[in-house]
Amino acid sequence: MIGNLEMFQDELAAGGFPPLVNRLAGGGFRGRIAARALGPLRLFSLVTPESSCIGRERTAVDGENLAVKVMTRGRTQIEHGRGDAELGPADLVLLDPRRAIRFESTAAAHVTMLVPRRELRIRPAQLDRLVGVRIDGSHGPGALVSVLARESARSATGFREAEALRSAAAVVELLAVALEARLGDERPAPDERLRDRIAGYIEARLADPGLSPPSIAAAHHISVRRLHKLFEDQPLTVAALIRRRRLERCRAELTGSGRTVTAVAARWGFSDPAHFSKLFKTTYGYNARALVTSNRARATKTRAAGPEQDGDRQR
């Protein structure tokens, strides 16, 4: 589709892109966008004029996907996370829609893949080191991802469902290899290694009601003040990280189980149901109980749509 700025932004929003403000866009803006789906992946081929864009930090509810931007033509300068990357043709970069972004681009062509966050299984500490960092698309795993992303955006049609799912899994696996290789290029500083260990410790003990900054500091033989200093340049404080990850676990369990809100909240360390309900609605914009009601409605609908019985025979 070729369109003006409003049509272009509407198409991006429909595809799940976070909103951006293009400070160079005027009445003469013309962009081209083509969207494809490959299993759980969404691929967008974009052709854009010279641009200068900013996007604000967003809430957890907007963070279902990570994005991988692959340049085809032109150059882009991106400030995102702790990274400051200059991309040329074939280069790629990992983007987190939750975080603020600023980029300036020449007239360019690029492919962006939206990848469900759960598919990549990147720990928060690793994500901090990867977002906004240039990955060389001229050799190694980065080159394979670059070629595959561009080809997939052109030809991801005509797949049967099973073929699409297997192909998407292969793309995600190759992307994971490229990201792990990029992590291996950088030897983390001692503080980063300690922060990685602490993030893993938190992840493994989210269900422990005693998990707190003092208990974490004691387990790692550091002071609480030192612990907070380790996280002072991170998107979330230690307490906020614990709260965010517990809420995400609660939302996932409420979406896929028949347990009550109170039971799920207690399982993940929220002893006060009223406080949990208020926190959940503030974070996600809807009540936790709405997920339970939705699950029951789906289950009822599924049972009603099951095979009809006629005596001892099914029809």
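How many residues in the lining of the largest pocket are nonpolar, polar and charged? Keep that in mind as you walk through this predicted model.

**Stop one: the largest pocket**

Begin by selecting Arg 98, Arg 117, Arg 244, Arg 245 and Glu 248, the residues nearest the centre of the largest pocket. The full lining runs to 41 residues, and the space they surround has a volume of about 1200 Å³.

Next, colour the elements that give two or more residues to this lining: helix H2 (117-120), helix H3 (124-130), helix H6 (190-204) and helix H9 (238-256). Linger on H9, since the largest share of the lining, eight residues, comes from this helix.

Now for the opening question: colour the lining by residue type and you will find 20 charged, 15 nonpolar and six polar residues.

**Stop two: the second largest pocket**

Move on to Leu 12, Phe 17, Pro 18, Leu 20 and Phe 103, which sit closest to the centre of the second largest pocket. Here 32 residues make up the lining, and the pocket holds about 600 Å³ of space.

To see what frames this pocket, select the elements that each supply at least two lining residues:

- helix H1 (5-14)
- strands S4 (41-48) and S5 (51-55)
- strands S6 (65-73) and S7 (76-80)
- strands S10 (101-105) and S11 (108-116)

Give H1 its own colour: with five residues, this helix gives the most to the lining of the second largest pocket.

Finish by colouring this lining by type as well, which shows 17 nonpolar, ten polar and five charged residues.

Note on methods
Residues numbered from 1 in each chain as written. Predicted model: local features only at pLDDT ≥ 70, side-chain atom pairs only at ≥ 80, totals over all residues. Heavy atoms only, no water. 1 Å grid on protein atoms, 1.4 Å probe; cavity = no way out; pocket = protein on both sides within 12 Å on 5 of 7 lines; lining within 4 Å. Points joined across faces, edges and corners; volume = space filled by probe spheres on them. Helix = DSSP H or I, 4+ residues; strand = E, 2+ residues; numbered from the N terminus. Nonpolar A, V, L, I, M, F, W, Y, C, P; charged D, E, K, R; others polar.
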